[in-house]
Amino acid sequence: MPKPRLLPALVATLACGLAHAATPAGTPDFVGTDAPFAANAIYFVLTDRFVNGDPSNDQRDQGGAHRTFDIPVPGAPPGESANIGYLGGDFKGVLDNASYIRGMGFGAVWITPIVDNPDEAFTGGDPVTWGSKFTDRGKTGFHGYWGVNFYKLDEHLPSKNLDFRQFTAAMHQAGLKVVQDIVANHGSPAFSMPVRQPQFGQIFDKDGKLIADQQNLPPYKLDPIRNPLHRFYHAYDDLVQLSNNDDQNPAVLDYFVGAYEQWADQGADAFRIDTISHMSTAFWKQFAVRIRAKHPGFFMFGEAFDYSPDNIGQYTWPSSGSISVLDFPLRGRIADVFEHPGSDYAQLLDRLYLTNGPYQNPYELVTFYDNHDMARLNASDSGFIDANNWLFTARGIPAIYYGSETGFERGKAEHQGNRNYYGQQRIDAASKSPIYRQLKRIAQLRENTPALQRGLMLPLHFAGNQAAFYRVYQKGDMHQIALVLLNKGDATAEFDIADYLQPGRWTPALGGSAIDVAEHGRLRTSVPAHDVQVYLLDAAVKRVDLLAELTRLMQERGHPEH
Ligand SMILES: [Ca+2]
Ligand SMILES: [Ca+2]
Ligand SMILES: [Ca+2]
């Protein structure tokens, strides 16, 4: 994992929020992660579907017979819609709402791939119908995952005086980091077209020269030995009709290292790696080493779309490049718990892997409940509020998909509204949503509470509608103990905490009265329905059994073989 380093912002937070003096020498470190990026919560936008900030880059006439703008999915039930064309969202739309995102308590924005995608709708594959999966006929690269030139911005994104470098600089100015979504596994759909289309199945280099071309051939008909334009690809398929980049070919590695180094040089702060499990760990190891040679500690997390922790854990190991992953296994349980009011918090416990787990460092996983490739969380407003209260207090780096702050298109999968256009009007009205108000409260709390961002997690009580746990950050002369109490029930819940409870004055971070806890005392309090309370004790850990338990958590954190 990236070398420990404290961000100036975190140091400032720690300086004003935490006790410094009176820490005895030799105080042990209790740290979930020191990766600076873990201080941020992530807001994920599908750029084309967030806000159209500049109609002049919409390319509404693009594509000729295979036009690309505004293509509704056929077969929508009354009152519903989905779209597979471009809808105009761009860098300016994201930047115009930087203060909205920042104000909600997020420190980073994950944007979909920025590289050039084909300028026509795809004519091969299977037809897109309402709710269909793995269908691409008639679809465009509005999502950005069909790259043809990975060194070039797609023309729908920038505006005058707002190229990528200017975009990242302005985002940084607004207090937001930029997570760039990157693809190396595939280019665009490459075969099954009735008539060959320009750009599809082709890849161009930095100078615009054609370096790979599948020529509309099925993969098994590729001839990499004799045809240099076929050498970029495997002669077997991978995902639908997408070209399958040859991860054994050093030229492929060079091409993508060069491209993504270029974007990192232009201000990307972190990478989200698409389809990481569709390429070898040897490829990613070399990729990560080369990116970090120029950008030390560069944070990356991969999408291995797999609910098995044993399958996805390997990507986080140093032998695979120390790349974190999206926490799919926990996501499955989060949906089970927060979509179903009668559920039990204990279902989350065995997907945390706080000790001797499959991950190099479970505290660096990116946690989430839905995204663009699955149905959005199908929960009530209360369910969303409860899910957010969990995500922003438990271990991991929370990522929220655009629109979730208002329950936008809840329960909807791709081709059913999942990726619909959000727009300025909904953003301007977001504060009317109870989900938004509670999300903002808990996200801002995480932003101001190092223990919630990066502290060790010690579960106390997970049962029915209640969960209680500590988060502890202690390093050098900085220390903070947080006690998190969650209630996802419809009635007020009583908490009576005694385990590992250190004496002192515990301050409620979300309002209420401080509680003085005596030696071997208890902390009794109530938490309203669908709410959270966090008590903070800004003190070094002194209680003997708490010291012992945190020492064990620290020693057994991560994968036992590393
Ligand atoms: Ca636009
Ligand atoms: Ca394009
Ligand atoms: Ca592949």
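Visitor: Which residues of helix 9 do Leu330, Ile334 and Phe338 in helix 8 meet?

Guide: Those helix 8 residues meet Gly383, Asp386, Ala387, Trp390 and Leu391 in helix 9, where contact means heavy atoms within 4.5 Å. By class, the residues of this contact divide into six nonpolar, one polar and one charged (nonpolar: Ala, Val, Leu, Ile, Met, Phe, Trp, Tyr, Cys and Pro; charged: Asp, Glu, Lys and Arg; polar: the others, Gly among them). This is a predicted model, where local features need pLDDT of at least 70, side-chain atom pairs count only at pLDDT 80 or more, and totals for chains, interfaces and linings use all residues; side-chain values use heavy atoms, leaving out hydrogens and water. Residues are numbered from 1 along each chain as its sequence is written, while chains are lettered from A and ligands numbered from 1 in the order in which they are written.

Visitor: At roughly what angle do the axes of helix 8 and helix 9 cross?

Guide: In general, two packed helices are described by the angle between their axes and the distance between the axes. Here helix 8 (residues 328-338) and helix 9 (residues 381-391) have axes that come within 10 Å and cross at roughly 140°. Helix 8 passes helix 9 in a right-handed crossing (the near helix is turned clockwise from the far one by less than a right angle).

Visitor: And how do helix 5 and helix 6 cross?

Guide: The axes of helix 5 (residues 250-265) and helix 6 (residues 281-294) cross at roughly 35°, coming within 10 Å. That crossing is right-handed. On the helix 5 side, the residues include Phe256, Val257 and Tyr260, and helix 6 brings Phe283, Phe287 and Ile291, among others. The contact of helix 5 with helix 6 has eight nonpolar, one polar and five charged residues.

Visitor: Which residues coordinate the calcium ion (ligand 1)?

Guide: To read a metal site, look for donors (N, O and S atoms within 2.8 Å of the metal, or 3.2 Å for Na, K and Ca). Asn52 (OD1), Asp54 (O), Asn57 (OD1), Asp58 (OD), Gly88 (O) and Asp90 (OD) coordinate ligand 1 at 2.3 to 2.6 Å. Along the sequence, these donor residues are spaced N-x1-D-x2-N-D-x29-G-x1-D.

Visitor: What are the protein donors of the calcium ion (ligand 2)?

Guide: Asp116 (OD), Asn117 (O), Asp119 (OD), Asp154 (OD) and Glu155 (OE), with Glu155 (OE) listed twice, lie 2.3 to 2.6 Å from ligand 2. Their spacing in sequence is D-N-x1-D-x34-D-E. Asn117, in the loop between strand 3 (115-116) and strand 4 (149-153), and Asp154, in the loop between strand 4 and helix 4 (164-173), are 37 residues apart, and the pair links distant parts of the chain. Helices (H or I, at least four residues) and strands (E, at least two) are DSSP runs, numbered from the N terminus.

Technical notes
Axes are lines fitted to C-alpha atoms, for helices over the stretch in contact, and angles run from 0 to 180 degrees between N-to-C directions.
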